[in-house]
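Reader: I am new to this structure and would like a close look at a single part of it. Could you take me through one helix and its surroundings, step by step?

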Amino acid sequence: MSEANKASALSRREMLIGGVIVGGAVVLASPLRSIAAAAGQGRQAQDLAEFLHLSQLLINHRLVAGVGERIQAFLVKQHADGAEQVRALIAIAEKKQAKVVEDFFGDIPAGPAEDLAHWIIFAWYTGASSAKPDATVFAFEEALAFQTTIDVVTIPSYGISGPDRWSQVTIPLVPMPVF
């Protein structure tokens, strides 16, 4: 065997060992990734359950879980510590053994915690993240503000100018000719 073939045989052996290591890593990594993903999904499900629990404490109405999921996803996306703030509000409610919002809302400290509680209530009632034209819409028919009249008044349509923008934009008229 020539020196070039010996180097080539050694190279094939190294390649075989490397292939086995890479293949083993892929085989072992797949279950670990799925376990990690399942743990992450479990955590997300727990965060959603806590958010829905807090929402039910803040709002004494029948709440739609799908809307709550959208609101909670927006909250987590906008505030990295949103889940911790939700847990802090739940802790305040549990400390007061609260069943409704009046039992614990006065004990929420002013600042970010109170702002979050107000925002959650606002989001459920309006179905939007804010009153601004570029707000994210979570719900339309399921928004609590529209539930009181849902059997009386049909919601005409989505406001063209954005959520909570029910007034029609007045389009300026062409200047009238002057005679």
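Author: What follows is an account of helix α3, of the loop after it, and of the helix that it meets.

The model is a predicted one, and the secondary structure of the protein comes to five helices and zero strands, so that a walk from the N terminus reads α-α-α-α-α. Buried residues account for 27% of the 179 residues in the protein, and among contacts between residues at least 6 apart in sequence, 54% join residues that are at least 24 apart.

Helix α3 covers residues 82-95, which is 14 residues, and from its first C-alpha to its last it reaches 20 Å, close to the 20 Å expected at 1.5 Å a residue. Its buried residues are Gly82, Ala83, Gln85, Val86, Leu89, Ile90, Ile92 and Ala93. Three residues of α3, namely Gln85, Val86 and Leu89, also appear in the contact with helix α4, where they meet Pro112, Ala113, Leu116 and Ala117. By class, this contact of α3 with α4 has six nonpolar residues, one polar residue and no charged residues.

As for how the two helices are placed, the axes of α3 and α4, the latter made of residues 112-126, come within 10 Å and cross at roughly 95°. Because angles from 65 to 115 degrees count as roughly perpendicular, α3 is roughly perpendicular to α4.

Between the two helices runs a loop, and glutamine 97 lies in that loop. Glutamine 97 follows α3 and has a positive phi, near 50°, although the residue is not a glycine. Most residues other than glycine have a negative phi. With a relative accessibility of 66%, glutamine 97 counts as exposed, because the cut-off for that word is over 50%.

The next step is the interior. The largest nonpolar core has 29 residues, and those that touch the most other members are Leu54, Leu58, Ile71, Phe104, Trp119, Ile120 and Trp124. The elements that give two or more residues to this core are α1 (3-58), α2 (65-78), α3 and α4, and α4 gives the most, with six residues. Tryptophan 119, one of the residues with the most core contacts, touches Ile71, Phe74, Leu75, Ser129 and Phe138, when residues up to four places away in sequence are not counted.

Alanine 123 is also found in helix α4. Its relative accessibility is 0%, and alanine 123 therefore counts as buried, the limit being under 20%. Leaving aside neighbours within four places in sequence, alanine 123 is in contact with Ile71, Ala128 and Phe138. Ile71 and Phe138 are likewise among the residues that tryptophan 119 touches. The C-alpha atoms of alanine 123 and alanine 139, which are 16 residues apart along the chain, are separated by 9.0 Å.

Beyond α4, glutamate 141 has its place in the loop between α4 and α5 (144-147). Glutamate 141 has a relative accessible area of 48% and is therefore partly exposed. Between the C-alpha atoms of glutamate 141 and glycine 127, 14 residues apart along the chain, the separation is 8.5 Å.

To return to the part you asked about, α3 is a helix of 14 residues that crosses α4 at roughly 95° and is among the elements that give two or more residues to the largest nonpolar core.

Definitions and conventions: Residues are numbered from 1 along each chain as its sequence is written. This is a predicted model: local features need pLDDT of at least 70, side-chain atom pairs count only at pLDDT 80 or more; totals for chains, interfaces and linings use all residues. Side-chain values use heavy atoms; hydrogens and water are left out. Helices (H or I, at least four residues) and strands (E, at least two) are DSSP runs, numbered from the N terminus. The expected span of a helix is 1.5 Å times one less than its number of residues. Buried means under 20% relative accessible area, exposed over 50%, partly exposed in between (1.4 Å probe, protein chains only). Axes are lines fitted to C-alpha atoms, for helices over the stretch in contact, and angles run from 0 to 180 degrees between N-to-C directions. Angles under 35 degrees count as roughly parallel, over 145 as roughly antiparallel, 65 to 115 as roughly perpendicular and the rest as oblique. Contact means heavy atoms within 4.5 Å. Ala, Val, Leu, Ile, Met, Phe, Trp, Tyr, Cys and Pro count as nonpolar, Asp, Glu, Lys and Arg as charged, and the others, Gly among them, as polar. A nonpolar core is a set of buried Ala, Val, Leu, Ile, Met, Phe, Trp, Tyr and Cys residues joined through side-chain atoms within 4.5 Å.
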